[in-house]
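Subject: Structure handover and findings

Hello,

Please find the structure below, with the sequence alongside. My notes on it follow.

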Amino acid sequence: MTKAKKCENLIIVGGGLIGLSFAAMLASLKIKATLVDQDKILSKKSIFKDSRTIAIAAGTRKLFEKHDLWKKISPFVEPINNIKVFNR
């Protein structure tokens, strides 16, 4: 059996929900990564660009809790009480 090689360079492409979550989880494991996105991730334009509602499943919440991320985002979480679906 071969030994797993230590990852020296890891690049995450995309600063959306998945990219940012993955980068945060890797950071919680002390794994360094570079996150690249076409926009400045922390700019006001980028932060308010996407106004979609995101539903987080119970399994995803458990994963966020495992990596100590849920307590950081939970103050911004609220239930979806009403939803309209449009067929385009």
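Let me start with helix α1 and what comes after it. Just past the end of α1, Lys30 takes a positive phi of about 65°. Lys30 is a residue other than glycine, and its place is in the loop between α1 and β2. With a relative accessible area of 73%, Lys30 is exposed. Please keep in mind that this is a predicted model.

Overall layout

The protein chain contains four helices and two strands. Read from the N terminus, their order is β-α-β-α-α-α. The chain has 88 residues, and 12% of them count as buried. Its accessible surface is about 8400 Å², with 58% of that belonging to carbon and sulfur atoms. If you take the contacts between residues at least 6 apart in sequence, 30% of them join residues at least 24 apart.

Helix α1

Helix α1 covers residues 17-28, twelve in number. From first C-alpha to last it reaches 16 Å, close to the 16 Å expected at 1.5 Å a residue. Which residues of α1 are buried? They are Gly19, Ser21, Met25 and Leu26. Looking down the axis of α1, these buried residues fall within an arc of 165°, so they line one face of the helix. The cover over them includes two strands, β1 (11-13) and β2 (34-36), as well as helix α3 (58-66).

Phe64 in α3

Phe64 is found in helix α3. Is Phe64 buried or exposed? It has a relative accessible area of 6%, and the cut-off for buried is under 20%, so Phe64 counts as buried. Leaving aside residues up to four places away in sequence, Phe64 touches Ser21, Met25, Ile56, Leu69, Trp70 and Ile73. Among these contacts of Phe64 are Ser21 and Met25, which also appear in the list of buried residues of α1. Phe64 and Ala24 are 40 residues apart in sequence, while their C-alpha atoms are 9.4 Å apart in space.

Salt bridges

How many salt bridges does a search of the whole structure find? The search finds two. As general background, side chains of opposite charge can pair when their charged atoms come close.

One salt bridge joins the side chains of Glu65 and Arg61, at 3.0 Å from N to O. Glu65 and Arg61 are four residues apart in helix α3, and are therefore separated by about one helical turn. In general, an α-helix has 3.6 residues a turn, so residues three or four places apart point the same way. Both partners count as partly exposed: Glu65 at 41% relative accessibility and Arg61 at 39%.

The other salt bridge is formed by Asp68 with Lys71, where the closest N and O atoms are 3.5 Å apart. Lys71 is exposed, at a relative accessible area of 56%, whereas Asp68 is partly exposed, at 38%.

Asp68 backbone

Asp68 also deserves an entry for its backbone. Its phi is positive, about 60°, although Asp68 is not a glycine. Where does Asp68 lie? Its place is in the loop between α3 and α4 (70-73).

Regards

Methods. Residues are numbered from 1 along each chain as its sequence is written. This is a predicted model: local features need pLDDT of at least 70, side-chain atom pairs count only at pLDDT 80 or more; totals for chains, interfaces and linings use all residues. Side-chain values use heavy atoms; hydrogens and water are left out. The expected span of a helix is 1.5 Å times one less than its number of residues. Buried means under 20% relative accessible area, exposed over 50%, partly exposed in between (1.4 Å probe, protein chains only). The arc is that of the directions from the helix axis to the C-beta atoms. Contact means heavy atoms within 4.5 Å. A salt bridge is a side-chain nitrogen of Lys or Arg within 4 Å of a carboxyl oxygen of Asp or Glu. Accessible areas come from the Shrake-Rupley method with a 1.4 Å probe; for residues, only the protein chains shown count as cover.
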